[in-house]
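Biologist: I should like to learn how to read the features of a structural model, one at a time. Please begin with the general idea in each case and then turn to the example.

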Amino acid sequence: MRIAIASDHGGYETKEALKKALAGEEILDFGPDGAAPCDYPDYAQKVALAVAGGEADAGVLVCRTGIGMSMAANRFQNVRAALCASEEAAEVARRHNGANVLCIGADVTGAEEAAAIAKRFIATAEDADERHARRRAKLERAGRLSDASGLAKDDPEVFAAIKAQTLQEDTEINLIASENTSSRACREAAGSVLMNKYAEGYPGKRWYSGCLPVDAAEELARKRACELFGAEHANVQPHCGSAANMAVYFATIKPGDTILSMSLDQGGHLSHGSPVNFSGKIYNIVPYTVDRETETLDYDEIERLAMEVRPKILLSGASAYPRAIDFKRIREICDKAGCIMMVDMAHIAGLVAGGAHESPVPYADFTTTTTHKTLGGPRGGMVLCKEKWAKALDSAVFPGMQGGPLENIIAAKAVVFREWMSPAKKDYAQQIVKNCKAMCKVVQDRGYRIVSGGTDNHLFLVDVKKSKGITGKEAAAALDAAGIVVNKNTIPYDTESPFKTSGIRVGTASITTRGMKEAEAETIGGWIADVLDDISDEAVRERVRAGAKALATRFPVP
Ligand SMILES: *Cc1c(COP(=O)(O)O)cnc(C)c1O
């Protein structure tokens, strides 16, 4: 076992004795190398980081009482330091609490006893027992609040908002199709000191000094994005998905040029040319729709329109389209019409990364995305493109439309791209789709009309108007009161206003991140039907709310 060891001046003699006693192990001595006065937090930090980073399997810290060392070490993520004065305590700390750093009080425990304690500590393994595993997990999850606990004093009002969001995530079932739950690692990068840096420009070509650390982070993000999606070039600076789309328009076309895109009320996105959005104000937008009967994309019709209006850009991708998109077919249309192929994969980026939806990247000139939807990363945007567009794209983002990039968020993007390279993410992406199909089928079998008759991806749309004579607004409010969070959504050829709508949109990324599988998805589908069968039935809402809370508790968010 690799043991990181350190002390302060008061623990120096005992540390040296422990090194001899543990001679059979691989010892990493982090100092000090004499008994001159020094500060225990400096040495606790070295050992804590060695253990947290996996450089050491366990740590040993010694000071006069062991208290200062344990306090200092426990400030670090994934470190569980235990001050032990007996072999029994060492064994239990390891077995039950999963302690990975042993703290010894040199004035309390003699050198010989310290050696026996350390040996017992090292010889004991974590207990796999459910009770203890659950409690250890709770220790780690405390970070959801403890990471922000300084605000409890510094800014109680903001802390209250963070606490409320934490509680909401812990107790409700989130089915918002455009949301997900970020990992701790992602949040650590997003909240890091990298936010302090101005870095206008790109890695190696900045307008400010002192950019080496952020250059490293942004280069990682760019490289990993290209590797993950098989792209030739990546720009990771767009602040959001809308900005990513703006960057592509600015890089390629002029005001007044024609974009052929899916209209918002059919499942498209605001930034694809809605009249209230910059895109609709600057460019000539020709919308395509889904087929009235099948409620799916009619590629022949898109082709006919493309040949008729000869757009500069054919934009595909959507915010509320439950079916797979045939990117190969879109490419053929673009080639025939001689236009740029732009795909906005904001919603399905995670499915694409995990192989659960065909990738548009090999086909498209530009692929834009958000990084916070199925991809599950920080709130932000990104553009992938063919090498020949790289220069135009980069200058469109900076200096064209943005100033300094958010390097902390870019670092968080890098973290998430790396997470997606793990093989487990393939299963996760498939599971999102399996959960969606399972939930959708239950709702459908209970008599609800599903737009397009089903789903191929992470979301489905329920026509609550046709099914129960209620609006999407009413349905979403009833579900919200039952602890199930969805959003109202227009459905194709909706007769209700966008404010009321005939539909709700239901997505399974977030519950899948919590570890839920088909069985839980089916349970939730049943609850949705229970609540919507009679939205005035408060007893049902109460029952579902209690069930949702219990389920959420069983599947804690990361
Ligand atoms: C969510 C979404 C966006 C925009 O994302 P923001 O980060 O909110 O600007 C763009 N395109 C599509 C298809 C989306 O679903």
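**Reading the sheets, helices and ligand site**

Modeller: Let us begin with a sheet of seven strands, which is open and has the order β9-β15-β14-β13-β12-β10-β11, with mixed pairing. Its edge strands are β9 (233-235) and β11 (284-288), each of which pairs on one side only. From one strand to the next, the twist averages 20 degrees. Please keep in mind that this is a predicted model.

Biologist: What holds the strands of a sheet together, and in which directions may they pair?

Modeller: Strands of a sheet pair through backbone hydrogen bonds, and the pairing is either parallel or antiparallel. In the present case, strand β10 (residues 258-262) and strand β12 (residues 313-316) run parallel and are joined by two bridges. Leu260 stands opposite Leu314 in β12.

Biologist: Which strands of this sheet does helix α12 touch?

Modeller: Helix α12 (residues 241-252) packs on the sheet and touches β10, β12, β13 (340-344), β14 (366-370) and β15 (381-385). The direction of α12 makes about 160 degrees with that of β14.

Biologist: Where should one look for an antiparallel example?

Modeller: Four strands form another open sheet, in the order β16-β17-β20-β19, and their pairing is antiparallel. The edge strands here are β16 (449-450) and β19 (487-489), each pairing on one side only. Two bridges link β16 with strand β17 (residues 459-463) in the antiparallel sense, and Ile450 stands opposite Val462 in β17. Helix α21 (residues 472-481) packs on this sheet, where it touches β19 and β20 (503-507). The direction of α21 makes about 45 degrees with that of β20.

Biologist: How is the packing of one helix on another described, and at what angle do α19 and α23 pack?

Modeller: One may give the angle, the distance between axes and the handedness of the crossing. Helix α19 (residues 424-445) and helix α23 (residues 518-533) pack at about 35 degrees, with their axes 8 Å apart. Their crossing is right-handed. On the α19 side the contact is made by Gln431, Lys434, Asn435, Ala438, Met439, Val442 and Val443. These meet Glu518, Ala521, Glu522, Ile524, Gly525, Gly526 and Ile528 in α23. By class, the residues of this contact are seven nonpolar, four polar and three charged.

Biologist: Which residues come nearest to the ligand?

Modeller: There are 14 residues around the ligand, and Gly241, Ser242, Ser319, Asp344 and Lys373 come nearest. For polar contacts, one looks at distances between N or O atoms. A polar side-chain atom of Ser242 lies 2.8 Å from an oxygen atom of the ligand. For Ser319, a polar side-chain atom lies 2.7 Å from a ligand oxygen atom. An N or O atom in the side chain of Lys373 is 2.8 Å from an oxygen atom of the ligand.

Biologist: Which backbone values deserve a second look?

Modeller: Most peptide bonds are trans, and most residues other than glycine have a negative phi. A cis peptide bond joins Gly31 and Pro32, with omega about 0 degrees. Pro32 is placed in the loop between β2 (26-29) and α2 (40-52). The bond from Phe398 to Pro399 is also cis, with omega near 10 degrees, and Pro399 is placed in helix α17 (residues 390-401).

Biologist: What is the phi of Glu295, and where does this residue lie?

Modeller: Glu295 has a phi near 60 degrees, a positive value in a residue other than glycine. Glu295 lies in the loop between β11 and α14 (299-309).

Note on methods: Residues numbered from 1 in each chain as written. Predicted model: local features only at pLDDT ≥ 70, side-chain atom pairs only at ≥ 80, totals over all residues. Heavy atoms only, no water. Axes fitted to C-alpha atoms, helices over the stretch in contact; angles between N-to-C directions. Left-handed = near helix turned anticlockwise from the far one by under 90°. Contact = heavy atoms within 4.5 Å. Nonpolar A, V, L, I, M, F, W, Y, C, P; charged D, E, K, R; others polar. Pairing = 2+ DSSP bridges. Near = heavy atom within 4 Å. Polar contact = N/O pair within 3.5 Å; in protein donor to acceptor, adjacent residues only side chain to side chain.
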